[in-house]
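Student: Could you take me closely through one part of this structure, namely its aromatic side chains and what surrounds them? I would like one connected account rather than a list.

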Amino acid sequence: MDAYTSNPALLANSELFRRYMGRRVRTVVKVGRFEGGNLYAQAPDGPQISIRQVVKNEEFTQFVEVIGVVEGENTLRSEVCTNFGDKFDLGQFNTLCQMANGAYQDIFM
Amino acid sequence: MYSDSGADGGSLFGGGGFMPSQSAGLNDNSFSPGGGSKKGGSQSSGLIPLTVKQLSSASQKPSDDNFYVDGQEVNNITLVGMVFNKEEKVTDVSFILDDFTGRIEVKKWIDGQDSEELVELRNIRNGIYVRIYGHLRSFQGKRNVVAFSVRPIKEFDEVTFHFVEAIYVHAFNMKTQGGLAGSRTPASTAVPYSGHPASSMTPNPSVNMRTNLANQYMAPASVPVGSNSVDECQRRVHALFDEPANLAIEQGLHVDDVARKMVGYSKQQVKDAIEFLVNEGFIYSTIDDDHFKSTNG
């Protein structure tokens, strides 16, 4: 049964980082600036977060999904970044994060 | 194009699929060959949007290929996730789909002549998001999905949409199943068959869920006549006879076996129910007057 659950990533907005410290999460951000290997971006619920170890020279679209480990209240260490295009409803995604960690979390984790 | 097929197609299929009034043609083949083909129709569903987590925790009857999620029989499903470990062979393309709630193996058979399909599959690369439509099955004890369609996601709101839809269907099923259990089988509130009737009163959702699942586990072979004419005991006895494992027994079930499994009912109640079901033509006596078998077998 291991194959089914190996390495899951929890849907999270920045508010949930505190809850998932040290764990693998999945979020979508609006790309801001790129500085010294860190990507500064807007989390689905609004705050700025920094994402470490983003692979350089990667061409990002405006919205990027980041899968990574929570290192701090506003910091992620990136494992996988996926371009989510230039048109994405962050608000809707934020609502999903809330639902997936609230009343309906049993179908996600 | 993909956004059309994704968003509209998804809601079209999803909306139609999980609604209880719909039934999928496949169900009848896999579950009830022959008579009583309406059986389970109201409970089975067409195309259900799910998370891999739900698939991995889907319940399965012994000696039966059917899966149940939230008490719904699951045949055709749609998943959205990332592709890993893609392998192309002459006859098929397989990969691991990871939706970050879990991972599951997906296989798409290649119809050699259809080059358009091949081109589409070649475009599926590791690390991209896809939506798949497919059939859940179990092979050598491992669950996997045989896909009818694997399409790359181009508009990523579809990813959000898929999970919201999965939540919606989950919530819908939990709600209706609870509602149905009350309205379709009024007797169930009066008969403490579960052994702890108070559990259905508790506000704890997980307990409710378990109660519901227990109900549905008994219910999938619902009686093919108006439920009002069949009381709870009869319905449950009939469901027992319709369980695939019991259909497979040549001489059918002995009255005592049935009575033993019908916790909460007296032997006389069970006998009465059996007599009723015989008279209505749902079951018949086999090697002697104590053995009965479903006419659906």
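Tutor: What follows is a walk through the aromatic pairs, beginning with one phenylalanine and its partners, and then a few related features.

Please keep in mind throughout that this is a predicted model. When the whole structure is searched, eight aromatic pairs are found over all chains. One of them is formed by A:F84 and A:F88, whose ring centres are 5.5 Å apart and whose planes make an angle of 55°, an arrangement that is tilted. With a relative accessibility of 1%, A:F84 counts as buried, and A:F88, at a relative accessible area of 8%, is buried too.

A:F84 also pairs with B:F156, and here the centres lie 4.3 Å apart with the planes at 15°, so this pair is stacked; the reasoning rests on the cut-off that planes under 30 degrees apart count as stacked. As for where the two rings come from, A:F84 sits in the loop between β6 (75-83) and α2 (90-100) of chain A, while B:F156 sits in the loop between β9 (142-152) and α5 (157-184) of chain B, and the pair therefore joins two chains. B:F156 has a relative accessible area of 11%, so it is buried, because the cut-off for buried is under 20%. Taking a wider view, A:F84, A:F88 and B:F156 belong to one aromatic cluster together with A:F63, A:F93 and B:Y129.

Rings also appear here beneath charged side chains. In chain A, A:R33 is placed over the face of A:Y40, 4.4 Å from the ring centre, and in chain B, B:R103 is placed over the face of B:F84, with 5.0 Å to the ring centre.

Turning to cysteines, a search of the whole structure gives zero disulfides over all chains. Among the cysteines, A:C81 counts as buried at 16% relative accessibility, and B:C233 likewise counts as buried, at 5%.

A last residue to look at is B:I110, which is found in the loop between β7 (103-109) and α4 (115-122) of chain B. B:I110 is buried, having a relative accessible area of 15%. Leaving aside residues up to four places away in sequence, B:I110 touches B:K89, B:V90, B:T91, B:D92, B:V93, B:L118 and B:L121. The C-alpha atoms of B:I110 and B:E88 are separated by 9.8 Å, the two residues being 22 apart along the chain.

Terms used:
Residues are numbered from 1 along each chain as its sequence is written. Chains are lettered from A and ligands numbered from 1 in the order in which they are written. This is a predicted model: local features need pLDDT of at least 70, side-chain atom pairs count only at pLDDT 80 or more; totals for chains, interfaces and linings use all residues. Side-chain values use heavy atoms; hydrogens and water are left out. Rings of Phe, Tyr and Trp (its six-membered ring) pair if their centres lie within 6.5 Å; planes under 30 degrees apart count as stacked, over 60 as edge-to-face and the rest as tilted. Buried means under 20% relative accessible area, exposed over 50%, partly exposed in between (1.4 Å probe, protein chains only). Helices (H or I, at least four residues) and strands (E, at least two) are DSSP runs, numbered from the N terminus. A charge sits over a ring if NZ of Lys or CZ of Arg is within 6 Å of the ring centre and within 35 degrees of the ring normal. A disulfide is a pair of cysteine sulfur atoms within 2.5 Å. Contact means heavy atoms within 4.5 Å.
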